[in-house]
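Subject: Structure handover

Dear colleague,

I am passing on the structure that you will be working with from here. Please look through the sequence and the model first, and then read the notes below.

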Amino acid sequence: MSVKPEDVLGSRKPAEGFLCPLSANRYDIEFLLFSISDYESKSTIFEVGKDSPSIGMEIDVDYSSALGEDSFRKIKYTFSDDVLKLPLISTS
């Protein structure tokens with residue numbers, strides 16, 4: 001399946017899965033770090049990186065399911081009510 005920018009721009013709902021396989025990464029782009037912070041206090045709520053453990057949450061790995069390519073492309077978030085009530089968050 002070949003996905004073009006106009007295909008994505010024309011979407012009106014979320015895709016049911018990933019639009020391209022990991023092998024389509026011909027430029028070797030790597031996920032290095034992702035963090036979520038309270039915008040006002042700047043305190044880190046969640047942080048995960050390529051070579052570092054997550055901060056702020058336990059990692060929940062389901063070893064009973066088959067590990068396909070897509071399992072390495074997902075993060076499951078479970079936040080407390082306090083986090084969900086924050087008026088603003090920032091990501092980087």
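The notes that follow go from the overall fold to a pocket and then to a few single residues.

Please keep in mind throughout that this is a predicted model. The protein contains two helices and four strands, and when these elements are read along the sequence they follow the pattern α-β-β-β-α-β. Of the 92 residues in the protein, 12% are buried. Turning to contacts between residues at least 6 apart in sequence, 48% of them join residues that are at least 24 apart.

Next comes the second largest pocket, which holds about 230 Å³ of space. Its lining is made up of Phe18, Cys20, Pro21, Leu22, Ala24, Asn25, Arg26, Tyr27, Ile29 and Arg73. By character, the lining residues of this pocket divide into seven that are nonpolar, one that is polar and two that are charged.

On aromatic rings, a search of the whole structure for aromatic pairs finds zero. A charge over a ring does appear, however, since Lys42 lies over the face of Tyr39, at 4.3 Å from the ring centre.

Lys42 also turns up in the surroundings of Ser37, a residue placed in strand E1, which covers residues 33–38. Once neighbours within four places in sequence are left aside, Ser37 is in contact with Lys42, Ser43, Thr44, Ile45, Ile89 and Ser90. Is Ser37 buried or exposed? Its relative accessible area is 12%, and because buried means under 20%, Ser37 counts as buried.

The other residue that I looked at is Ile75, which sits in the loop between strand E3 (52–55) and helix H2 (81–84). Ile75 has a relative accessible area of 38%, which lies between the limits of 20% for buried and 50% for exposed, and therefore Ile75 is classed as partly exposed. Which residues does Ile75 contact, leaving aside its neighbours within four places in sequence? They are Phe46 and Val48. With Val48 the separation along the chain is 27 residues, while the C-alpha atoms of Ile75 and Val48 are 9.5 Å apart in space.

With best wishes,

A colleague

Definitions and conventions: Residues numbered from 1 in each chain as written. Predicted model: local features only at pLDDT ≥ 70, side-chain atom pairs only at ≥ 80, totals over all residues. Heavy atoms only, no water. Phe/Tyr/Trp six-rings, centres within 6.5 Å; stacked < 30°, edge-to-face > 60°. Lys NZ or Arg CZ within 6 Å of the ring centre and 35° of its normal. 1 Å grid on protein atoms, 1.4 Å probe; cavity = no way out; pocket = protein on both sides within 12 Å on 5 of 7 lines; lining within 4 Å. Points joined across faces, edges and corners; volume = space filled by probe spheres on them. Nonpolar A, V, L, I, M, F, W, Y, C, P; charged D, E, K, R; others polar. Buried < 20%, exposed > 50% of the residue type's maximum accessible area, 1.4 Å probe, protein only. Contact = heavy atoms within 4.5 Å.
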